[in-house]
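Visitor: I'm new to this one and would like to learn how to read it. Could you walk me through a few features?

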Amino acid sequence: MGYRFTDLTNSCQQDWRAYIEHDFVRQLGNATLAEASFRHYLKQDYLFLIHFARAYALAAYKSPTLADLRQAHEGLKAIVDVELGLHVGFCQEWGISEQELAELPEARATLAYTRYVLDTGNRGDLLDLHVALAPCLVGYGEIANWLNAKPSTLRGAQNPFDAWIAMYEGEEFQAAMQSELEWLNARLADVSPARFKELSKIFRDATRLEIDFWQMGLSLTDEDLPH
C-alpha cells in the first residue's frame, strides 16, 4: 500500500493541528477576532495569493502530461477566478481599495512563505511544488469544514467574517481541494520511503509557514510597514 495525503499530515500532526486550529481561525469562527487583525490578514493574503497564482503557473510549466497541466490549471483558476476576485470584494467591504492593495509592502511572513514555495518549485520537481502548495489549498478547505463542525462557530449576520468561511466551504473551492487530493494521492502512492521523507519535510516546513501567516494577522506583525 502506497502513501497518501493523510500520511503527510500524520508526519507532522502537531504542526498540522496547530495550523488548522490556530487562535486566528478559532477567533474568526466565533466572531471574536479583532477587525484590525482580519484587515491586516486580508491585505497580506491578497499579495500571498498573487504569488501562489505564479506558483501554479510554474506547476503548469513543469507539467509533463496533459493531466498534470489540467490540475495546475485548476489550482490557478481556484486562486484567480475564486479567491482573488472575492478577496478584492472583501477588501472593498472592509474599506481597502484596489489601489491600496497594489501598493502594499509585503510582511515578512508573506515573503517567507511565498518565496519558500516558489524556491521549492524552482529547484524541485512537480510533486515537490504541489506538496508545498497543499497546506494552502487543502488546508483552507479543511479549516472551513472544521469550523462548521464546531458548535461555537457563528454563521450569518452574527459573524462579520462569515463570507470568508462561505468562500472556503463553497462548492467550487471544495471541488478544487478534492481534485488536488486525488492528484496528490495518485502520485504519493508510487514514492519510495526515502522520497516520502523528503516530501514530508517540504510539507512540514510549508505548514509551519502557514502557522506564521496566521500569527502575523493575529499579532499585527509588520502592520505598520511604510508604503
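Visitor: Let's start with a crossing: is the one in which α4 passes α8 left-handed or right-handed?

Guide: It's left-handed: that is how α4 passes α8. Keep in mind that we're looking at a predicted model.

Visitor: And how do people describe a pair of packed helices?

Guide: Two packed helices are described by the angle between their axes and by the distance between those axes. Here, helix α4 covers residues 35-61, and its axis lies 11 Å from that of α8, at an angle of about 145°.

Visitor: Which residues make that contact between α4 and α8?

Guide: From α4, look for Tyr41, Asp45, Phe48, Phe52, Ala55, Tyr56, Leu58 and Ala59. On the α8 side they meet Leu126, Leu129, His130, Leu133, Cys136, Leu137 and Tyr140. Sorted by class, the α4 and α8 contact holds 13 nonpolar residues, one polar and one charged.

Visitor: At what angle do the axes of α7 and α8 cross?

Guide: Find α7 at residues 108-123 and α8 at residues 126-149; their axes cross at roughly 155° and come within 7 Å of each other. Angles over 145 degrees count as roughly antiparallel, so α7 is roughly antiparallel to α8. This crossing of α7 and α8 is left-handed.

Visitor: What does α7 touch in α8?

Guide: Tyr113, Val117, Thr120 and Gly121 of α7 meet Asp128, Leu129, Ala132, Leu133, Pro135 and Cys136 of α8. In that contact of α7 with α8, seven residues are nonpolar, two are polar and one is charged.

Visitor: What about the backbone: which sign does phi usually have?

Guide: Most residues other than glycine have a negative phi. Ala31 has a positive one, near 65°. Look for Ala31 in the loop between α3 (23-29) and α4. Leu220 is also a residue other than glycine with a positive phi, near 55°, and its place is in the segment after α11 (193-219).

Visitor: Why does Ala31 count as partly exposed?

Guide: Partly exposed covers the range between under 20% and over 50% relative accessible area. Ala31 has 26% relative accessibility, so it counts as partly exposed. Leu220 counts as partly exposed because its value is 32%.

Visitor: Stepping back, which residues does UniProt list for the "domain: Thiaminase-2/PQQC"?

Guide: The UniProt record, an unreviewed entry, lists residues 13-218 for it. Over residues 13-218 the chain is 81% helix and 0% strand, with 22 Å between the end C-alpha atoms.

Methods. Residues numbered from 1 in each chain as written. Predicted model: local features only at pLDDT ≥ 70, side-chain atom pairs only at ≥ 80, totals over all residues. Heavy atoms only, no water. UniProt positions renumbered as here; feature names shortened; annotations may be inferred. Helix = DSSP H or I, 4+ residues; strand = E, 2+ residues; numbered from the N terminus. Axes fitted to C-alpha atoms, helices over the stretch in contact; angles between N-to-C directions. Parallel < 35°, antiparallel > 145°, perpendicular 65-115°, else oblique. Left-handed = near helix turned anticlockwise from the far one by under 90°. Contact = heavy atoms within 4.5 Å. Nonpolar A, V, L, I, M, F, W, Y, C, P; charged D, E, K, R; others polar. Buried < 20%, exposed > 50% of the residue type's maximum accessible area, 1.4 Å probe, protein only.
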